[in-house]
Amino acid sequence: MTPPALSVILSTYNAPDELERALWGYSAQTREGFEVVVADDGSGPETRDRIKRLRASTGLAISHLWQEDDGFKKCRILNRAIAEARGDYLILSDGDCIPRDDFVDAHARLARPGFFVSGGRIRLSSAAGARIERADVLDGSLFESPWLHEKQALTRRRDRSKLSRSPRRATWFDRLTTTRATWNGHNASAWKTDLLRVNGFDERMTYPVEDRELGERLRNAGIRARQARHRAVCAHVEHDRPWLDPEARARNERLRAETRGVPRPLRIFQGFVRGREWTEHGIRKGPRPVQS
C-alpha cells in the first residue's frame, strides 16, 4: 500500500507555550514529509509570532489558519483546516498534546480504507507539565518511566500501559482493552475523503463531546474505528476547563442522540430511525449534494 500524504491538524486557543511543546514533538518524529496545520480559534498575536519563530527553528511545514475570537468555535476552524489540508490522510490532535516520536508513523501505518484510527494519551499533572523542557520532548524522556516517576507526572496509574514501545505488546494491549474506540479530539485520524463525506464537524457543537459526535457520524457512514490507544500515543497536561457549560453539554448530548438515531433494541417499538451521516452545519452548509 502506497503511504498516504499526511497532514497533522492541531487546534489551539491562546496557549502558545503548550503549542510550542507540541511542535517540538512534531519536529522529532521518526516519519518526515508531513504538513502541520494550526487551527486557531481566535488567539492573540503571541501565538502567531510563536508559530513564525517555530516554523524557522523546527523546519516544519506549518500553516496557520486563524479566525476571530467569537466564543468556542473550535469546530468551525477545524472544518476550515480539514478543507484546506493538502494531505490525503489527516491526523487531528490538540495544540496542548505532545506527540511521542512515533506518533505520525503509527497513524500512517494503521491507516486503512474504511477505517478511522482512535489514539490514546497519557495524562500529566499541571505541575509536571510546567517543568517540561525542550530536551525532554526531543529525546523522548517525557514518555519514559524514570522521567515520569521523578516528576510524579502521571495522574492515572493505568496510563503506564501506554508507555510500551514494543509493537507486539502495544497491539495486544489494544486488543485486550475494554475502552471503546471513539473519535478523540486529542488523538484521531481519518482519510480526508471520509471526513468530507460526513461534512466534517457539526458547527453547532461546543465543548464537550463535539469530537465524539463526528465519530458517530463516521460510524453511521460505515467507517469503522481501529483501536490504537497504546500504539498512537501523545501526552496531555491536565488543566482547568473554565469554558465547561452544563447547558452546552446538555445541548450537545441532544445533538448526539439525534446523530445516533433510535437504538437498535428499541426500533421494533418506535420504527426504524437511522442515525445521520451528514450534518447540514458542517464544511458545506445545507443538505448533502445530490449525486449526479
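**Buried charges, a helix and a cavity**

R50 counts as buried, at a relative accessibility of 11%, in what is a predicted model. Its partner E20 is likewise buried, with a relative accessible area of 11%. The side chains of these two residues meet in a salt bridge, with a nitrogen-to-oxygen distance of 2.7 Å. Because E20 belongs to helix α1 and R50 to helix α2 (residues 45-58), the pair ties together parts of the structure that lie 30 residues apart in sequence.

Helix α1, which contributes E20, can be examined as a whole. Its twelve residues (16-27) should span 16 Å at 1.5 Å a residue, and its end C-alpha atoms are 16 Å apart, so the expected and computed values agree. Nine of the twelve residues are buried, and α1 is therefore largely enclosed by the rest of the structure. The buried set runs from P16 through L19, E20, R21, A22, L23, W24 and G25 to Y26, so that E20 sits among buried residues of its own helix.

The pairing of E20 with R50 is one of 28 salt bridges in the structure. Another joins the side chains of R231 and D174, again at 2.7 Å from N to O. This pair links distant parts of the chain, since R231 is in strand β8 (residues 224-237) and D174 in helix α8 (residues 167-176), 57 residues apart. D174 counts as buried, at 5% relative accessibility. A further bridge, between E277 and R288, has an N to O distance of 3.2 Å. Both of these residues lie in the segment after α12 (267-270), eleven residues apart. Here the partners differ in exposure: E277 is buried, with a relative accessible area of 14%, whereas R288 is partly exposed, at 35%. Elsewhere, D202, R204, E213, R217, E258 and R276 are joined into one network by salt bridges that share partners.

D211, in helix α10 (residues 210-220), offers a contrast to these pairs. D211 is buried yet has no salt bridge, and the nearest side chain of opposite charge, that of R212, is 4.6 Å away, beyond the 4 Å cut-off for such a bridge. Apart from neighbours within four places in sequence, D211 is in contact with W183, N184, G185 and F201.

Three of these contacts, W183, G185 and F201, appear together with D211 in the lining of the largest cavity, which also includes S11, K74, L78, L92, S93, D94 and E210. Two or more lining residues come from each of α3 (74-84), β4 (89-94) and α10, and β4 gives the largest share, three residues. This cavity holds about 50 Å³ of space, and the count of cavities of 30 Å³ or more comes to one.

Technical notes: Residues numbered from 1 in each chain as written. Predicted model: local features only at pLDDT ≥ 70, side-chain atom pairs only at ≥ 80, totals over all residues. Heavy atoms only, no water. Helix = DSSP H or I, 4+ residues; strand = E, 2+ residues; numbered from the N terminus. Buried < 20%, exposed > 50% of the residue type's maximum accessible area, 1.4 Å probe, protein only. Lys, Arg positive; Asp, Glu negative; His and termini not counted. Contact = heavy atoms within 4.5 Å. Expected span 1.5 Å × (residues − 1). 1 Å grid on protein atoms, 1.4 Å probe; cavity = no way out; pocket = protein on both sides within 12 Å on 5 of 7 lines; lining within 4 Å. Points joined across faces, edges and corners; volume = space filled by probe spheres on them.
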